[in-house]
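Student: Before we look at the rings and charges in this one, can you walk me through how the labels get assigned?
Tutor: Sure, pull it up and we'll take the labels one at a time.

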Amino acid sequence: MAQVEKRGGLLRKSSASKKPLKEKVVLMYDEIFTTEDPSKCSPRFWEELFLMKVNLEYLEGKLESLDGEELMKIKDNINCLFQHCIQALGEEHPIRVVNALQTLCALIRGVHQKNKSTSGFDIINMLMGFDKAELCMKNLMESLDSLLCAEGSESLKSLCLKLLLCLVTVTDNISQNTILEYVMINSIFEAILQILSHPPSRREHGYDAVVLLALLVNYRKYESVNPYIVKLSIVDDEATLNGMGLVIAQALSEYNRQYKDKEEEHQSGFFSALTNMVGSMFIADAHEKISVQTNEAILLALYEAVHLNRNFITVLAQSHPEMGLVTTPVSPAPTTPVTPLGTTPPSSDVISSVELPLDADVQTSNLLITFLKYSSIVMQDTKDEHRLHSGKLCLIILTCIAEDQYANAFLHDDNMNFRVNLHRMPMRHRKKAADKNLPCRPLVCAVLDLMVEFIVTHMMKEFPMDLYVRCIQVVHKLLCYQKKCRVRLHYTWRELWSALINLLKFLMSNETVLLAKHNIFTLALMIVNLFNMFITYGDTFLPTPSSYDELYYEIIRMHQSFDNLYSMVLRLSTNAGQWKEAASKVTHALVNIRAIINHFNPKIESYAAVNHISQLSEEQVLEVVRANYDTLTLKLQDGLDQYERYSEQHKEAAFFKELVRSISTNVRRNLAFHTLSQEVLLKEFSTIS
């Protein structure tokens, strides 16, 4: 106890014979922590308490220092303090309101810390008492709602959101936080929307509001009807949706800016010179050193908006006026490191600025472009658990986008062309692409570039099978749209084909190691079926007849890889092992690719022999291909343009539960004492009327 008092409650030390003095507020707290009613001897006790500057550290420490039995003895006083805090929220004078809000934060956190192992019901009883809980929480939520919607102090609104975040995140698993039942019944959804739709309040509180909404949406989302899910799914107010999109875009944009700054620091520093001197041996290490903490909290908000609300899809392509062409921020962004999962909001300086455009004549960025850039950074390194989760969530968001008809319409719109400067992983065998050479193309090209980049850069020992499957699924869904709507996209398809063939080669060369952990035939089948999609329907969506010829050239050129794959799956499908069925599916899927190879290879060899050419050029091979299409027989394969739609509840529930647990833990960690400091708040209310 002495240590807590020394840290939080003492004013000064005098001579050794005298006891140090305590702040008056600490003495008042001590009275609450007795079994007597403090207002018996001092009728104005509660009135005076909320005029005193809160000592959060002492109050929380005191609660934590008591054992369960001691806490039960003072339960009536704790209930009384909680109720008086709620009453004080209705006071006219803001200082009382500020102190009441902060006291509530300390009470909620202190009692929860003490009762980690007990059920939520015990905590409700300890804070409010079962008999008064419903009315208490109703009054609390109504007061918070009024403060958030009022024209008054921005600092008060900020503190209300901090209290709500404190309330939501006191347990790691928010679905076990029974107090949230009252937050479901007494909804603050409209107050959150008002913050997002009103530019001044959005700039101040948008980040906290969006994170709060993302967490509330995840409360018992699979077990019961969550009103926040229902309400979010039907929001159609343009200003609100754009406001939410802007907050997300700014947070992701700030991450991109931090990464770019760190990258430039490394390139211009000593490390860069050292790397150049010894070659590219340390490129991977350099990349890891410039990683910036990911922001899963804001990414979760983007996912929920895209997944639940079809109207939000329009926001992805919306250029934000506030995200205009800005040079540099007026003052430097804070250098304080962001905790894992990036739950610290961007500074207000950052919120008024945006990522820089590549050139002065390029259009303003939009949320989708910012998200694709963010994805290109976090998906580079999946060895770290947080970045692996971030990469997975990015791919899930892209899956939802790739399934949406309206999203596909603007992704493929020839009139919406952008230069999207994706981050590319440093690799020894390729040069860094010059930003200025980027062409203006429909946004789907950037999505495909991102998928190709992932395929090429993650063929490694710790093979991220799940991410590869999702990546191939995104490509497949985009192709299904192109086939259905006959969109002839001018894209360098050869890069995709080459990446897919190299991935097949990697699977084959690491068969033994990978089969010990993964069913590689699922992925191999998806890759082969992508080629089947191009072979069967390519004439409806490839940009030119010559593109279709190039597809055949690529299959013929890399025939050895397909032959090796066929040998591998044939071997495993004829054995009575565990992979028999999975391998036989790949065997059947290869029928048309093998038909193409077996049909054209003899013709090419014959052409070379007749013309006495040892090595045919690409044009000569293409000439043979074009001359022999008529005699090629292919089988019609069913279901190539069909796919199973994304379903969160059945397949992703475990991932999201764990993700939300991580975010909750880190949001709580970021609600440290300094974020609840009174100094800023009391400047606003420096005079007591």
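Tutor: Start with a cut-off: a charge sits over a ring if NZ of Lys or CZ of Arg is within 6 Å of the ring centre and within 35 degrees of the ring normal. Keep in mind that this is a predicted model.

Student: What makes K221 a charge over the ring of F656?
Tutor: The charged end of K221 is 5.5 Å from the centre of that ring, and the limit is 6 Å. K221 therefore passes on distance, and it is listed as sitting over the ring.

Student: Where does the charged end of R594 sit?
Tutor: Over the ring of Y566, 3.6 Å from its centre.

Student: How many aromatic pairs does the ring rule give?
Tutor: The count comes to 22.

Student: Why is the pair of Y303 and F656 called stacked?
Tutor: Their ring centres are 4.6 Å apart, with the planes at 25°. Pairing needs centres within 6.5 Å, and stacked needs planes under 30 degrees apart, so this pair is stacked.

Student: Which parts of the chain does that pair link?
Tutor: Distant ones: Y303 is in helix α18 (residues 296-308) and F656 in helix α35 (residues 653-670), 353 residues apart.

Student: Are Y303 and F656 buried or exposed?
Tutor: Buried means under 20% relative accessible area. Y303 has 0%, so it is buried, and F656 has 1%, so it counts as buried too.

Student: Why is the pair of Y491 and W493 edge-to-face?
Tutor: The centres are 5.2 Å apart and the planes are at 75°. Edge-to-face starts over 60 degrees, so the label fits. Y491 is at 7% and therefore buried, and W493, at 2%, also counts as buried.

Student: Which residues share a cluster with Y491 and W493?
Tutor: W497, F534 and F541; together the five form one aromatic cluster.

Student: What is notable about phi in R220?
Tutor: Phi is near 45°, a positive value in a residue other than glycine. Most residues other than glycine have a negative phi. R220 lies in the loop between α13 (199-217) and α14 (227-233). Its relative accessibility is 29%, between the 20% and 50% cut-offs, so R220 counts as partly exposed.

Student: How do you know that H612 is exposed?
Tutor: Exposed means over 50%, and H612 is at 72%, so it qualifies. H612 is in the loop between α32 (591-610) and α33 (618-627), and its phi is also positive, near 55°.

Conventions
Residues numbered from 1 in each chain as written. Predicted model: local features only at pLDDT ≥ 70, side-chain atom pairs only at ≥ 80, totals over all residues. Heavy atoms only, no water. Phe/Tyr/Trp six-rings, centres within 6.5 Å; stacked < 30°, edge-to-face > 60°. Helix = DSSP H or I, 4+ residues; strand = E, 2+ residues; numbered from the N terminus. Buried < 20%, exposed > 50% of the residue type's maximum accessible area, 1.4 Å probe, protein only.
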